[in-house]
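Me: I have a model open and want to go through a few spots in it. Can you take short questions?

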Amino acid sequence: SGLRTFVFRVAMFAFMGASFLACISCGSKSKATKTTSGLTFRAFVSDPLHLTRAGVSPSLAIVDATKDLLSTFTIGLSGSSQFPGLMAVSPDKSLTAIFSSQGNTVAVVNNARETLSQAGSATATSSAITVPGPTESMFIGSDNSTAFAAIPSAPVSGQPPGAVVVLSLTGGFIKATLPIPGARYLVQSHSGDRILVFGDNSDVVTLIYTGLVGTSASPLAFISGFHRPVWAVFDGSDSTAYVLNCGPECGDANPASITPLDVGSGTPGIALPLTSGGVNSGATTGLLSGNTLYVAGSPPGTTCSSGSATVGCGTLTLVDLSGMTVMNSSPIFISDGYHNRVEMAANGQIFIGAHACTNISASSGATARGCLSIFNTQTAGVVVPPDNGDVTGIATNPQHPVVYVCEGGVLRIYDAASGQLQKTQINIVGQPTDVKIVDTPHF
């Protein structure tokens with residue numbers, strides 16, 4: 001009896017030990033094979049200086065955009081994107097294109113798999129598409145597989161530098177190079193069949209007919225009659241584009257203005273000078289809401305009061321497009337710098353980002369500020385947060401009323417209702433550069 005009891009106990013211990021080891025093995029295998037964050041509503045944040053145990057590695061950080069929490073899972077970009085920055089998301093949310101300023105490459109991420117993607121493979125991890133120079137304006141077209149990037153320094157034989165390159169994101173190659181001198185900024189129509197291109201130090205707007213790219217017919221039309229145009233906003237029907245003439249901020253003698261462009265005929269209308277309260281305004285970016293066009297810029301020599309000091313400021317101008325009139329009777333001052341990012345958030349808050357602004361620290365005698373301004377369309381009030389640095393990314397969160405902002409290499413989360421930093425913040429150790437929502441919200 002004692003011997004049987006001893007043998008039974010030994011057998012039980014052996015069984016329990018084997019089960020324990022199996023559980024450990026099972027758990028290790030499960031952890032090792034995890035290949036995605038498992039999140040259903042995400043924001044990607046490009047981070048060229050992501051810190052790992054092995055050192056610095058370029059990557060995309062992943063944010064749970066439902067809870068504003070940072071995932072422990074990241075998308076490694078080493079070998080394909082050495083210094084990831086500017087991003088573009090396809091309309092169907094399937095792909096994200098990432099530009100690297102080191103090597104001038106465009107890498108592509110499959111959003112569902114959270115892996116690098118290239119020609120013929122959803123999980124390839126090697127090369128990216130090399131483009132002929134740096135870009136600060138890039139988007140993915142309506143077919144969800146073709147990207148367009150403006151390259152102002154692209155060499156063109158027998159012509160001044162500058163081109164728009166057309167990229168096959170699924171094929172991994174440049175499909176076409178469209179020579180446009182100094183091409184720097186791109187604006188796509190809602191339907192995607194037309195693109196407006198703006199070059200440096202030019203009074204010409206170039207119109208690209210995307211359906212003609214790759215055919216025997218030229219896809220380009222050059223339209224004159226502007227004053228240093230740099231941006232445009234299409235109306236809801238795509239029949240009219242409101243072109244922003246930069247004016248003195250871009251070295252032109254004429255004041256900043258808006259010119260309506262008949263897209264069908266390619267005919268510009270009469271320009272509306274942007275002046276309010278005797279102050280000339282600026283015009284480098286804009287946002288259309290209803291019949292109101294919000295235009296931001298930094299006219300040279302414009303000053304405003306900030307605490308106890310007088311500093312340089314930019315302006316925000318409200319234009320009623322139904323009557324082509326300036327709505328604000330006095331200047332609306334915002335931070336200065338070159339404004340090239342603007343997003344409408346919940347509660348009518350407009351987030352306006354610039355680079356190369358006048359950064360003011362709290363110890364300078366003036367109110368601390370950086371390159372971000374927040375305009376409340378309901379109260380006409382302006383909030384300029386105290387963080388210093390260029391604004392390199394803005395993404396409004398449609399799932400709940402917050403806005404993600406990359407400023408000065410830091411990711412900040414703002415409450416869209418108040419325009420103030422919310423309590424929950426995310427600390428990304430590295431250099432957060434751009435941020436994009438990559439999923440359709442679920443309510």
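Me: Which strand does Thr259 lie in?
Reply: This is a predicted model. In it, Thr259 is part of strand β21, residues 257-262.

Me: Buried or exposed, that Thr259?
Reply: Thr259 counts as buried, because its relative accessibility is 1% and the cut-off is under 20%.

Me: What does the side chain of Thr259 make a polar contact with?
Reply: The partner is the side chain of Asn245, at 2.9 Å. Beyond four places in sequence, the contacts of Thr259 also include Phe226, Tyr242, Pro268 and Ala271.

Me: Switching to pockets. How much space lies in the largest pocket?
Reply: About 1600 Å³. It is lined by 45 residues, and Phe139, Trp231, Val342, Glu343 and Lys436 are the closest to its centre.

Me: Which element gives the largest share of that lining?
Reply: β33, with seven residues. By class, the lining of the largest pocket has 25 nonpolar, 14 polar and six charged residues.

Me: And the second largest pocket, what volume?
Reply: About 420 Å³. Of its 19 lining residues, Leu86, Glu136, Arg341, Thr392 and Thr433 are the closest to the centre. β6 gives the most to this lining, three residues.

Me: How does the lining of the second largest pocket divide by class?
Reply: Into seven nonpolar, nine polar and three charged residues.

Me: Last topic, the largest nonpolar core. Which residues touch the most other members?
Reply: Val106, Val131, Met138, Leu167 and Leu169, out of 20 residues in that core. Another core, of 17 residues, lies apart from it and includes Tyr185 and Ile223.

Note on methods. Residues numbered from 1 in each chain as written. Predicted model: local features only at pLDDT ≥ 70, side-chain atom pairs only at ≥ 80, totals over all residues. Heavy atoms only, no water. Helix = DSSP H or I, 4+ residues; strand = E, 2+ residues; numbered from the N terminus. Buried < 20%, exposed > 50% of the residue type's maximum accessible area, 1.4 Å probe, protein only. Polar contact = N/O pair within 3.5 Å; in protein donor to acceptor, adjacent residues only side chain to side chain. Contact = heavy atoms within 4.5 Å. Core = buried A, V, L, I, M, F, W, Y, C linked by side-chain atoms within 4.5 Å. 1 Å grid on protein atoms, 1.4 Å probe; cavity = no way out; pocket = protein on both sides within 12 Å on 5 of 7 lines; lining within 4 Å. Points joined across faces, edges and corners; volume = space filled by probe spheres on them. Nonpolar A, V, L, I, M, F, W, Y, C, P; charged D, E, K, R; others polar.
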